[in-house]
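Hi there,

Here is the structure I promised to pass on to you. Have a look around it first, and then read my notes below with the picture open beside you.

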Amino acid sequence: MKSILEYETVDYDRENHALVIIDQTKLPNDIVLLSLTAAQDIWDAIYLLKVRGAPAIGVAAAFGLAALAHRITAQDKAAFLEELAEKKEFLNSARPTAVNLSWALKRMMDVCHKNPEAPVAVLKGLLLEEAFLMKQEDIAVCRKIGEYGLDVLKDGDGILTHCNAGQLATCKYGTATASIYIGQERGYHFRVYADETRPLLQGARLTAFELYSAGIDVTLLCDNMSASLMQQGLIQAVLVGCDRVAANGDTANKIGTSVVAAVAHYYKVPFYVCAPTSTIDFHTPTGKEIVIEQRDAAEVSEMWYQKPMTVKGVRIYNPAFDVTDHSLITGFITERGIVKSPVDLRNC
Ligand code: MRU
C-alpha cells in the first residue's frame, strides 16, 4: 500500500492547464485522479466534496480559477477582468463555511489589482504562480503547525481526531495530523483514534485510510464512542481542524466537533484546534455570525446504505458544521505558535 504522503491532494497540470485532484468520494477503495478544466466541474468537485477540507478547497479554487483564466479568450483587459470576477463569484458559491475558499479567491483577484499595467497574457501567468505559491505556503504552514503541536504532545499519547484534517484536507501533512506525521519522522509512537464522522464518514473513509497507509497506529470508532475512550484515560489530547475561526475563538468545524469538545471538557482532556491563520476570520466577531452550510438530506438517509435507512418523508437535519464555543478550546495551534485566542496572534 502506497503512503498517502506520496500523493498530491491538489495539483495543477501545466501542460493541459487543468486542476488535478484526488477524487475523495472514491476513497478508500479507489484512488482516482480527476483533471478539471470547466467551471461547473470545479464547482461540483468542491460542492460534492471530491476535494474538501478548508485549506485544500482554497488551493483547489485558486488552481481552478487559474485554469478558467487560461481559457478566457478576451484580450481586452476590462472584459477579461469582468469574466474572471464572474468565475470567481461562481466558485465562491460552492461552499459557504470554509473561509479559505473566499480567502484564496480574493487573493487571486488581488493579483490582478496589484498589477494594473500587466497585459492579459501576463496576468494569466501571474495567477497561476500565485496558486502555486499558495500550495507551497500551505505545505509550509502545515509543517509548522505540526512542529508546534509536538510541544503539547508526548511520545505514547493517545490522540483523538474528528473528520479529516489530514493530508487529504491540505496540500501535505494536514493540520490536525501534521504533528502525528512529523512525530513519526522523529520516532514517536502515537495512538490515534479517528471518529468515523457521520454522515459523510470523512474519518472512516479518509483519516483512517490515510493514517493507516502511512503506517500510523490508528483505531477507527463511531462518533458516539469517544467518551468511553476518555473515561478510560486513553486520550491525552484532541486535535481537530477548523473551517472558520471567529475573532473571539468560536470555531466552526465538521458537525460533531462541538460534542467532542464538550466531552473532552468534562473529562479534562485538552482540546486543540489546529488552525492555519488563513482560517481565522477577524471579520466575523463570534460563532453566531458564521454561516453554516446545510446539506442534502439524502446524505443522512440514503448514502452508504443499500436501502434507505429511515422512513420516507421524515424530516432530516443535516448541517455540515457546528460551532465549538471558545470556552471549550484549550488552544489554537497555528503556524505562528500556540495561542489561547486568535487575538493573541497579534503578539506572535
Ligand atoms: O465537509 P468537509 O469534509 O470539507 O469538512 C472538513 C472539516 O471540517 C475539516 O476539519 C476542516 O476543513 C479542516 S481541514 C484542515
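Let's begin near the start of the chain, where strand β1 (residues 10-13) runs antiparallel to β2, and 4 bridges join the pair. Please keep in mind that this is a predicted model. To see one matched pair of residues, find aspartate 13, which sits opposite alanine 18 of β2. The hairpin made by β1 and β2 has 4 residues between the strands, and histidine 17 in this hairpin adopts a positive phi near 45°.

Now stay with β2 and look to its other partner. Strand β3 (residues 33-36) also pairs with β2 in the antiparallel sense, again over 4 bridges. Here leucine 19 has leucine 36 of β3 as its bridge partner.

How many of the residues of β2 (residues 18-22) are buried? The count is 5 of 5, so "buried" here means that each has under 20% relative accessible area. In a regular strand, side chains alternate between the two faces of the sheet. You can follow both faces in β2: Ala18, Val20 and Ile22 lie on one side, Leu19 and Ile21 lie on the other, and all of them are buried.

Further along the chain there is another sheet to find. This one is open and has 4 strands, in the order β11-β8-β9-β12, with mixed pairing. Its edges are β11 (280-281) and β12 (321-324), each of which pairs on one side only. Helix α9 (residues 257-266) packs on this sheet, where it touches β9 and β12, and the helix direction makes about 30° with that of β12. Within the sheet, β8 (residues 244-246) and β9 (residues 251-254) are antiparallel partners over 2 bridges. Arginine 244 is the residue that faces alanine 252 in β9.

Finally, turn to the ligand. Which residues come nearest to it? There are 19 residues around the ligand, and the nearest are Ala54, Arg95, Asp243, Asn253 and Lys254. Some polar contacts are worth finding on screen:

- Glycine 53 has a backbone N or O atom 3.1 Å from a ligand oxygen.
- Alanine 54 places a polar backbone atom 2.8 Å from an oxygen atom of the ligand.
- Glutamine 202 uses its side chain, with an N or O atom 2.9 Å from a ligand oxygen.

On its own the ligand would expose 410 Å², and the protein buries 99% of that area.

Enjoy exploring, and write back with any questions!

Best wishes

How values were computed
Residues numbered from 1 in each chain as written. Predicted model: local features only at pLDDT ≥ 70, side-chain atom pairs only at ≥ 80, totals over all residues. Heavy atoms only, no water. Pairing = 2+ DSSP bridges. Contact = heavy atoms within 4.5 Å. Axes fitted to C-alpha atoms, helices over the stretch in contact; angles between N-to-C directions. Near = heavy atom within 4 Å. Polar contact = N/O pair within 3.5 Å; in protein donor to acceptor, adjacent residues only side chain to side chain. Areas by Shrake-Rupley, 256 points an atom, 1.4 Å probe, with all protein chains shown as cover. Buried < 20%, exposed > 50% of the residue type's maximum accessible area, 1.4 Å probe, protein only.
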